[in-house]
Amino acid sequence: MHDTDASLPSTMTAWIINDFGGPDVFEPHERPVPEIGAGEVLVNVHATSVNPVDYKIRRGDAEPLCPPHPATLHGDVAGIVEAVGEDVTAFDKGDAVYGCAGGFQNAPHGALADYMPCDARLLAPMPEPLSFREAAALPLVTLTAWEALIDKADVQAEDGVLVHGATGGVGHVGIQFAKWRGAEVAVTASAQRKLDIGVDLGADHQINYEEEPVEDYVERCSDGRGFDVVFDTVAGENVRTSVSATRLNGQLATVGAPAEGGLRPAYGSGLSVHFVSMLIPMLYGEGRARHGDILRQAATLVEDGDLCPLVDEEAFTFDEIGQAHAYAEAGEQIGKVVVTHPDAQPEGSGRPPSAFH
């Protein structure tokens with residue numbers, strides 16, 4: 001149902017994939033505007049962002065997560081509520097919202113479309129200081145960093161926290177959450193420019209991981225003791241490094257699977273290891289309201305100046321989604337790659353970190 005709103009069109013454009021492949025597999029396609037059911041809202045999409053899971057699904061690397069073809073991808077969304085389904089009391093038509101709400105199995109309608117039906121529990125009011133472009137950068141990475149550092153590791157004041165990836169999507173939010181909780185934060189990156197941005201976001205220590213071995217920066221940044229909490233945003237072989245950087249009986253949170261045998265030393269050090277998968281509420285329908293709650297709290301942090309999205313300077317529209325994927329896959333971006341709807345008003349590239357700190 002469309003809340004009896006006769007002004008909605010019957011068809012829309014969606015940027016779909018009919019098969020897995022490279023960035024050129026996207027194509028615009030006309031399809032009916034989806035109807036919404038109880039508990040859902042229809043969002044007029046203004047912007048989305050590119051997360052690694054999006055291009056892994058497109059390539060077929062994460063095929064089990066893909067909606068049925070023809071598939072409309074992308075989870076992150078920022079836009080305006082156009083219609084409200086039954087039993088929705090949190091939102092009204094015209095509300096600006098943001099969230100990570102589709103583009104996966106069991107939540108098949110992605111954000112690469114004019115309109116996106118969303119489970120209202122997965123959304124929150126958009127932070128008032130942000131543009132749609134900035135807000136679209138936050139949902140998936142915010143939910144991931146919150147689950148790792150707040151819900152699971154429960155970072156406390158004066159904890160020593162190591163965040164891998166100073167200007168990565170998840171990493172740049174992780175720095176800010178750890179500082180908000182009062183931690184002493186060290187960050188890694190491969191270039192001084194990225195490390196300087198990490199400091200602008202609140203980090204206390206810089207680590208160029210290509211130039212300084214883990215044992216050296218553990219000595220320098222934690223007096224050789226190791227970090228109380230290590231947030232690994234890379235996974236694979238980096239889990240081994242993260243284990244080496246964590247103190248005895250400390251905590252390690254990682255966003256992916258370790259390389260074979262990568263966790264074996266964690267046993268001897270008594271580590272608590274947290275695996276973080278923010279897709280669980282969408283894939284299994286469990287805990288969806290928690291995502292909306294976290295994004296509401298994150299909006300307050302934005303409004304209080306404690307959280308700032310880092311958005312890459314390169315701007316793309318949905319018509320350039322293949323270029324946006326290729327750019328993100330190259331791995332040289334600073335912060336999040338954001339893609340705006342072709343009809344959306346041009347917006348800035350995101351506030352510099354110094355605007356919030």
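What follows is a short exchange about a predicted model.

Modeller: Residues are numbered from 1 along each chain as its sequence is written. Local features need pLDDT of at least 70, side-chain atom pairs count only at pLDDT 80 or more, totals for chains, interfaces and linings use all residues, and side-chain values use heavy atoms, with hydrogens and water left out.

Biologist: How many disulfides does the structure hold?

Modeller: Zero. A disulfide is a pair of cysteine sulfur atoms within 2.5 Å.

Biologist: Why is cysteine 66 in no bond with cysteine 100?

Modeller: The two sulfurs are 15 Å apart, and cysteine 100 holds the closest one, so the gap is too far for a bond. Cysteine 118 is in no disulfide either. The nearest cysteine sulfur to that of cysteine 118 is again in cysteine 100, 9.7 Å away.

Biologist: What makes cysteine 66 count as buried or exposed?

Modeller: Its relative accessible area is 4%. Buried means under 20%, exposed over 50%, and partly exposed in between, with a 1.4 Å probe and protein chains only. Cysteine 66 is therefore buried. Cysteine 118 is buried too, at 0%.

Biologist: What makes aspartate 76 and lysine 336 a salt bridge?

Modeller: Their closest N and O atoms are 3.6 Å apart. The definition asks for a side-chain nitrogen of Lys or Arg within 4 Å of a carboxyl oxygen of Asp or Glu. The pair meets that limit. Both residues are buried.

Biologist: How do you know that this pair links distant parts of the chain?

Modeller: Aspartate 76 and lysine 336 are 260 residues apart. Aspartate 76 sits in strand β5, while lysine 336 is in the loop between α11 (321–330) and β16 (337–340). Strands (E, at least two residues) and helices (H or I, at least four) are DSSP runs, numbered from the N terminus.

Biologist: Which other salt bridges are there among the 14?

Modeller: One of them joins glutamate 147 and lysine 152, at 3.1 Å from N to O. Glutamate 147 is buried at 14%, whereas lysine 152 is partly exposed at 32%. Glutamate 237 also pairs with arginine 240, at 2.9 Å. Here glutamate 237 is exposed at 51%, and arginine 240 is partly exposed at 35%. There is also a network of salt bridges, linking Arg58, Arg59, Asp61 and Glu329.

Biologist: Why is the group of Glu215, Asp216, Glu219 and Asp223 called a patch of negative charge?

Modeller: Asp and Glu count as negative. Patch residues have over 30% relative accessible area and no salt bridge, and like charges are joined within 9 Å. These four residues gather in such a patch on the surface. One of them, glutamate 219, is in helix α6 (residues 214–222).

Biologist: What makes the backbone at histidine 74 and asparagine 249 worth a look?

Modeller: Most residues other than glycine have a negative phi, and most peptide bonds are trans. Histidine 74 has a positive phi of about 90° and is not a glycine. Histidine 74 lies in the loop between β4 and β5 (76–84) and is buried at 0%. Asparagine 249 has a positive phi near 60°. Asparagine 249 is in strand β13 (residues 246–254) and is exposed at 54%.

Biologist: Is the peptide bond from histidine 69 to proline 70 cis or trans?

Modeller: Cis, with omega near -5°. Proline 70 lies in the loop between α1 (52–59) and β4 (71–72).

Key:
Patch = residues over 30% accessible without salt bridge, like charges linked within 9 Å, V, L, I, M, F, W, Y side chains within 5 Å. Areas by Shrake-Rupley, 256 points an atom, 1.4 Å probe, with all protein chains shown as cover. Charge placed at Lys NZ, Arg CZ, Asp CG, Glu CD.
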